[in-house]
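Student: I've got a fold to walk through and some time to spare. Could you take my questions one at a time and show your reasoning?

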Amino acid sequence: MFNLSVIMKKAHAIARNIRCKKWSLTYREALSQGAKQAWAAARAAIAATPVAESIESRLVAIGGKAWVAGDKNRIYFNNLAELLGLECEFYKTGNVSCALLDGKVISNSKGSNLFRQCRQGKVWFEAGEFHSTGMHEDNAAAIISAIKQRASI
């Protein structure tokens, strides 16, 4: 965080400069002013450094795709089945032959319905909020919860 040695060296350098300009001050008074200036500079340097990644950069890091158009700035998620924990195997006809949700076997009908919602639905992040369309509210809530957990939001 703060390097006391560097701050105090800077404080002494400032005190020497102050003392050269104002002989009426004692070195102790000049050092006090120098320390105040050195600490202010150190605090400003810490404040200027980014403390944590922004939410948007964390969402992009877990697989979100940034989309900007005009005044709209969104992050879309395309891997909804993966985020929901849905795994499906298909027959050659395209029908579901086996479906797992979070590692548990579910019916092929339910797996097909969830897969269709994940393929046709959309989940995005905009203006500090998550939004969804084209899927059941419970499934959207589960996907958004998984996104928040992965991104540590």
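Student: How many bridges join β6 to strand β7?
Tutor: Keep in mind that this is a predicted model. In it, β6 runs antiparallel to β7, which covers residues 129–133. One rung of that ladder pairs glutamate 126 with glutamate 129 in β7. The number of bridges joining the two strands is five.

Student: Which residue takes a positive phi in the hairpin of β6 and β7?
Tutor: Look between the strands, where this hairpin has two residues. Most residues other than glycine have a negative phi. The one here is not a glycine, yet its phi is positive at about 55°. The residue is alanine 127.

Student: Is alanine 127 buried or exposed?
Tutor: Its place is in the loop between β6 and β7. The cut-off for exposed is over 50% relative accessible area. Alanine 127 comes out at 74%, so it counts as exposed.

Student: And β6 itself, is that strand enclosed or open, and how many of its five residues are buried?
Tutor: Strand β6 takes in residues 122–126. It is largely enclosed by the rest of the structure, because most of the strand counts as buried: the tally is four of the five residues.

Student: Which residue in β6 is the bridge partner of isoleucine 75?
Tutor: Start with the strands: β2 (residues 72–77) and β6 pair in the antiparallel sense. That pairing runs over four bridges. In β6, the partner of isoleucine 75 is phenylalanine 125.

Student: How far apart in space are glycine 63 and isoleucine 75?
Tutor: Glycine 63 sits in the loop between α3 (55–61) and β1 (65–69). Its relative accessibility is 27%, so it counts as partly exposed. In sequence, glycine 63 and isoleucine 75 are twelve residues apart. In space, C-alpha to C-alpha, the separation is 9.5 Å.

Student: Let's switch to β3 and β4. Which residue in the turn of their hairpin has a positive phi?
Tutor: Strand β3 (residues 86–90) and strand β4 (residues 96–101) pair in the antiparallel sense over five bridges. One of the bridged pairs is phenylalanine 90 with valine 96 in β4. The hairpin has five residues between the strands, and the residue with a phi of about 100° is glycine 94.

Student: Which residue in β5 is the bridge partner of leucine 101?
Tutor: β4 also pairs with strand β5 (residues 104–106), again in the antiparallel sense. Three bridges make up that pairing. In β5, leucine 101 is bridged to lysine 104.

Student: What is the relative accessible area of aspartate 102?
Tutor: Aspartate 102 is in the loop between β4 and β5, and the hairpin there has two residues between its strands. Its phi is positive, about 55°, although it is not a glycine. Aspartate 102 is exposed, because its relative accessible area is 58%.

Student: Now a helix. Is asparagine 139 buried or exposed?
Tutor: Asparagine 139 lies in helix α6, residues 137–151. Leaving out residues up to four places away in sequence, it touches Leu84, Leu114 and Gln117. The cut-off for buried is under 20%. At 16% relative accessibility, asparagine 139 counts as buried.

Student: Zooming out, why is the protein more spread out than a compact globule, and what is its radius of gyration?
Tutor: The protein has six helices and seven strands. For 153 residues the globule rule gives 15 Å, and the protein is well over that, so it is more spread out than a compact globule; its radius of gyration is 28 Å.

Student: What box do the C-alpha atoms fill along the principal axes?
Tutor: First, some context on the surface: the protein exposes about 10,400 Å², with carbon and sulfur atoms supplying 54% of it. Buried residues make up 29% of the 153 residues. The box is roughly 95 × 35 × 25 Å.

Student: Last one: how far apart do the centres of the positive and negative side chains lie?
Tutor: Count each set before comparing their centres. The protein has 21 positive and 12 negative side chains. The centres of the two sets lie apart by 15 Å.

Methods: Residues are numbered from 1 along each chain as its sequence is written. This is a predicted model: local features need pLDDT of at least 70, side-chain atom pairs count only at pLDDT 80 or more; totals for chains, interfaces and linings use all residues. Side-chain values use heavy atoms; hydrogens and water are left out. Buried means under 20% relative accessible area, exposed over 50%, partly exposed in between (1.4 Å probe, protein chains only). Contact means heavy atoms within 4.5 Å. The radius of gyration is taken over C-alpha atoms; the globule rule is 2.2 Å times the number of residues to the power 0.38. Accessible areas come from the Shrake-Rupley method with a 1.4 Å probe; for residues, only the protein chains shown count as cover. Lys and Arg count as positive and Asp and Glu as negative; His and the chain ends are not counted. The place of a charge is taken as NZ of Lys, CZ of Arg, CG of Asp or CD of Glu. Two strands pair if DSSP finds at least two bridges between them.
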